[in-house]
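Hi everyone, thanks for coming. Have a look at the next slide with me, and please interrupt whenever you like.

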Amino acid sequence: MNTPAKAPLTREQIRARATELGIAEARLHFFDESSLAAAGGVGGTGGSAGGRPRGDVGDDAVVNGNLGSLHDYTQLTDVALRSIREPAEGLFIAESSKIIRRAHAAGLVPRSFLTSPKWLFDLADLIAEHDVPIFIGTDAAVESLTGFHLHRGALAAMHRPSLPAVAELVADARRIVVIEDVVDHTNVGAIFRSAAAFGVDAVLVTPRCADPLYRRSIRVSMGTVFQVPWTRIESWPAGVDALRELGFHVAALALEEDSVAIRDFAASAPDRTAVVFGTEGDGLRKSTITACDSTVMIPMSGGVDSLNVAAASAVACFALQKV
């Protein structure tokens, strides 16, 4: 016999339950498709008919035609737009209850939460710790706002952390990974996951590399972008010399005539080693390969010429594990 679906909680029930759990009622802001439409649609950032500045919210998420802090969540599927907006506005988006908890455990601070009524209390213990707005929308309104169906529990707009200087980041590191110009967020996330799994101390990303804090990178990494210390190396490939001055042997992963098999290199790798991975299509720049101290490769068989950069990173990080 099929169990009847539970009726959705009313706003009054949500407010009462939140109060019981230590979540102030004033933090709860509700919205639906009609209130989004009143704000001019998902792209609206709002002039306010009532004179409220952007970012001010009243009893509901949308006030006097103003999207307010919901602006953080608009058009999340527009990669080009979000890749510019999020760093410029000092935020990133954590997607799913698990990822939000991992960000919280890493000491990162939310600026707001977005959820539907059925998922709100899945994060109640964590939400109660932070005095920030909680936006609660109907499923249809959330999908209209963000551009996708939210089925992983919740979203959180988080304050983007300040990135440390390279020298500070790698001061005590022995194994580091450099990601050169990898533009696919899935690959960046997978590389971070391999780095975490195999004990890499730090990751450096070059200026043209995809953002490790883009939500797809975070999701593919399973939140390990919060675990593995990282920063951007602003000058590249000139940064190879900077790493060498910091005591690192810099190895390029590339198919060159003089490349050494990764297992042979790993057997006697210098105590401080940085391995550099290149783009998905062309691999490393010739100038980078020339600047590096050595070149290593993953031997192939079965007529396969190379691995995807994410798979290659897993093999190389495993081979170079510290013992």
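I'll talk about one helix and then about some salt bridges. Keep in mind that this is a predicted model.

Let's start with helix α13, which runs over residues 309–319. Which of its residues are buried? They are V309, A310, A312, S313, A316 and C317. Now, how are they arranged around the helix? Remember that an α-helix has 3.6 residues a turn, so residues three or four places apart point the same way. Looking down the axis of α13, you find the buried residues within an arc of 155°, so they line one face of the helix.

And what covers those buried residues? The cover includes three strands, β6 (175–179), β9 (249–253) and β11 (273–277). It also includes two helices, α8 (185–197) and α11 (262–267).

One more detail before we leave this helix. At the N-terminal end of α13, N308 acts as the cap. One of its side-chain oxygens sits 2.7 Å from the backbone nitrogen of A310.

On to the salt bridges. How many does the structure hold? There are 17, and I've picked a few to show you.

Take R111 and D72: their closest N and O atoms are 2.9 Å apart. R111 belongs to strand β3 (residues 110–115), while D72 is in the loop between α2 and α3, so this pair ties together parts that are 39 residues apart in sequence. As for exposure, D72 counts as buried because its relative accessibility is 6%, and buried means under 20%. R111 is partly exposed, at 24%.

Next come K118 and D139, whose closest N and O atoms are 3.7 Å apart. Here the link runs from the loop between β3 and α5, where K118 sits, to D139 in helix α6, 21 residues away. K118 is exposed, with 59% relative accessibility, and D139 is partly exposed at 34%.

A third pair is K286 and E256, with 3.3 Å between the closest N and O atoms. K286 is in helix α12 and E256 in the loop between β9 and β10, which puts them 30 residues apart. The lysine, K286, is exposed at 58%; the glutamate, E256, is partly exposed at 26%.

Finally, which residues form a network of salt bridges? E95, R215 and R219 are linked in that way.

That's my tour, and I'm happy to go back to any of these on the slide.

Key
Residues numbered from 1 in each chain as written. Predicted model: local features only at pLDDT ≥ 70, side-chain atom pairs only at ≥ 80, totals over all residues. Heavy atoms only, no water. Buried < 20%, exposed > 50% of the residue type's maximum accessible area, 1.4 Å probe, protein only. Helix = DSSP H or I, 4+ residues; strand = E, 2+ residues; numbered from the N terminus. Arc of directions from axis to C-beta. Contact = heavy atoms within 4.5 Å. Polar contact = N/O pair within 3.5 Å; in protein donor to acceptor, adjacent residues only side chain to side chain. Salt bridge = Lys/Arg side-chain N within 4 Å of Asp/Glu carboxyl O.
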